[in-house]
Amino acid sequence: MFATDYFDAISEDAVSTAVRISDKPALISFLSEQFSRNYGLDPIVCEATLTERETLGSTGFGRGIAIPHGRISGISAPVSVIVQLQHPVDYGAVDAQPVDLVWALLSPETQGASHLKALAYVSRMLRKESLVQQLRGASNASTAYALVSEQLRQNAA
């Protein structure tokens with residue numbers, strides 16, 4: 001498990017690769033289950049939060065990447081789930097490209113500033129083309145987790 005100034009923790013179990021998902025609703029559901037499994041959050045609340053945020057506008061920010069996010073009660077710091085999809089799905093991204101790399105983020109309901117800082121941090125990380133390509137090429141969750149952990153360590157230094 002690796003913690004930063006922006007996240008309570010990211011565990012290896014919260015990183016998944018080669019996930020088979022058919023569409024955006026199935027992806028949101030999968031993310032919600034991962035938040036439940038890894039952080040003990042209610043999957044129904046997670047799904048409602050992520051779905052509600054998507055109604056405001058797609059969190060697919062381009063280049064096949066999405067950062068679904070929201071704020072919920074019951075956590076003290078932002079938590080993340082990272083998913084590499086086996087096949088891209090239509091996500092309604094701003095550039096109309098399908099999404100195959102997802103970094104989902106949930107933050108405490110009462111901490112708007114920490115949510116924005118964590119969101120900006122993830123966005124900056126995913127603007128690094130070398131990291132994105134390495135994550136896409138990761139053959140398993142351990143490799144993807146190691147890549148993310150190394151980036152987090154470098155950025156913390």
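Author: pLDDT is the predictor's confidence in each residue, from 0 to 100. The model shown above is predicted, and the mean pLDDT of its protein chain is 91, with 92% of residues reaching 70 or more.

Reader: Which elements have the lowest and the highest mean pLDDT?

Author: Where pLDDT is low, the predicted coordinates should not be read in detail. Among the elements here, helix 5 (residues 141-156) has the lowest mean, 85, and strand 3 (residues 65-66) has the highest, 98.

Reader: How many helices and strands does the protein chain have, and in what order do the elements run?

Author: There are five helices and six strands. Read from the N terminus, the order is β-α-α-β-β-β-β-β-α-α-α.

Reader: What radius of gyration does the protein chain have, against that of a compact globule?

Author: A compact globule of 157 residues would have a radius of gyration near 15 Å; the protein chain has 14 Å, which agrees. Its C-alpha trace spans about 35 × 35 × 25 Å along the principal axes. Of the 157 residues, 50% count as buried. Take the contacts between residues at least 6 apart in sequence: 70% of them join residues at least 24 apart.

Reader: Let us turn to single helices. What span should helix 1 have, and how far apart are its end C-alpha atoms?

Author: The general idea is a rise of 1.5 Å a residue, so the 16 residues of helix 1 (residues 24-39) should span 22 Å; the end C-alpha atoms are 22 Å apart, in agreement.

Reader: Which residues of helix 1 are buried, and where do they fall around the axis?

Author: Buried means under 20% relative accessible area. In helix 1 this applies to Lys24, Leu27, Ile28, Leu31, Ser32, Gln34, Phe35, Asn38 and Tyr39. Seen down the axis of helix 1, its buried residues fall within an arc of 160 degrees, so they line one face of the helix. Their packing partners are strand 1 (15-19), helix 2 (43-56), strand 5 (79-89) and strand 6 (99-108). Exposed Pro25 and Arg37 sit on the face turned away from the buried side.

Reader: What is found at the two ends of helix 1?

Author: At the start, a side-chain oxygen of Asp23 comes to within 2.9 Å of the backbone nitrogen of Ala26. Just after the helix, Gly40 has a positive phi of about 70 degrees.

Reader: Which residues does Asn38 contact, leaving aside neighbours within four places in sequence?

Author: Asn38, a residue of helix 1, is in contact with Ser11, Asp13 and Ala14. A polar atom of the Asn38 side chain lies 3.5 Å from the backbone nitrogen of Ala14.

Reader: How does helix 2 read by the steps used for helix 1: what is its span, and which residues are buried?

Author: At 1.5 Å a residue, its 14 residues should span 20 Å, and the end C-alpha atoms are 20 Å apart, which agrees. The buried residues of helix 2 are Cys46, Thr49, Leu50 and Glu54. They cover an arc of only 135 degrees around the axis, which puts them on the same side of helix 2. These buried residues pack against helix 1, strand 4 (69-72) and strand 6. The face turned away from them carries exposed Ile44, Glu52, Thr55 and Leu56. Asp42 caps the N-terminal end, with a side-chain oxygen 2.8 Å from the backbone nitrogen of Ile44. Just after helix 2, Gly57 takes a positive phi of about 150 degrees.

Reader: Why is Glu54 counted as buried, and which residues does Glu54 touch?

Author: Glu54 has a relative accessible area of 12%, and the cut-off for buried is under 20%. Residues up to four places away in sequence aside, Glu54 touches Lys24, Ile28, Thr59, Pro68 and Tyr91. Glu54 and Pro68 are 14 residues apart in sequence, with their C-alpha atoms 7.5 Å apart in space.

Reader: Which residues have a positive phi without being glycine?

Author: Most residues other than glycine have a negative phi. Two cases here are Ala18, with a positive phi of about 55 degrees, and Ala96, with one of about 65 degrees. Ala18 is in strand 1, while Ala96 lies in the loop between strand 5 and strand 6.

Reader: Are Ala18 and Ala96 buried, partly exposed or exposed?

Author: Ala18 counts as partly exposed, at 42% relative accessibility. Ala96 counts as exposed, at 62%.

Note on methods:
Residues are numbered from 1 along each chain as its sequence is written. This is a predicted model: local features need pLDDT of at least 70, side-chain atom pairs count only at pLDDT 80 or more; totals for chains, interfaces and linings use all residues. Side-chain values use heavy atoms; hydrogens and water are left out. Helices (H or I, at least four residues) and strands (E, at least two) are DSSP runs, numbered from the N terminus. The expected span of a helix is 1.5 Å times one less than its number of residues. Buried means under 20% relative accessible area, exposed over 50%, partly exposed in between (1.4 Å probe, protein chains only). The arc is that of the directions from the helix axis to the C-beta atoms. Contact means heavy atoms within 4.5 Å. A polar contact is a pair of N or O atoms within 3.5 Å; within protein, one must be able to donate a hydrogen and the other to accept it, and residues adjacent in sequence count only if both atoms are side-chain atoms. The radius of gyration is taken over C-alpha atoms; the globule rule is 2.2 Å times the number of residues to the power 0.38.
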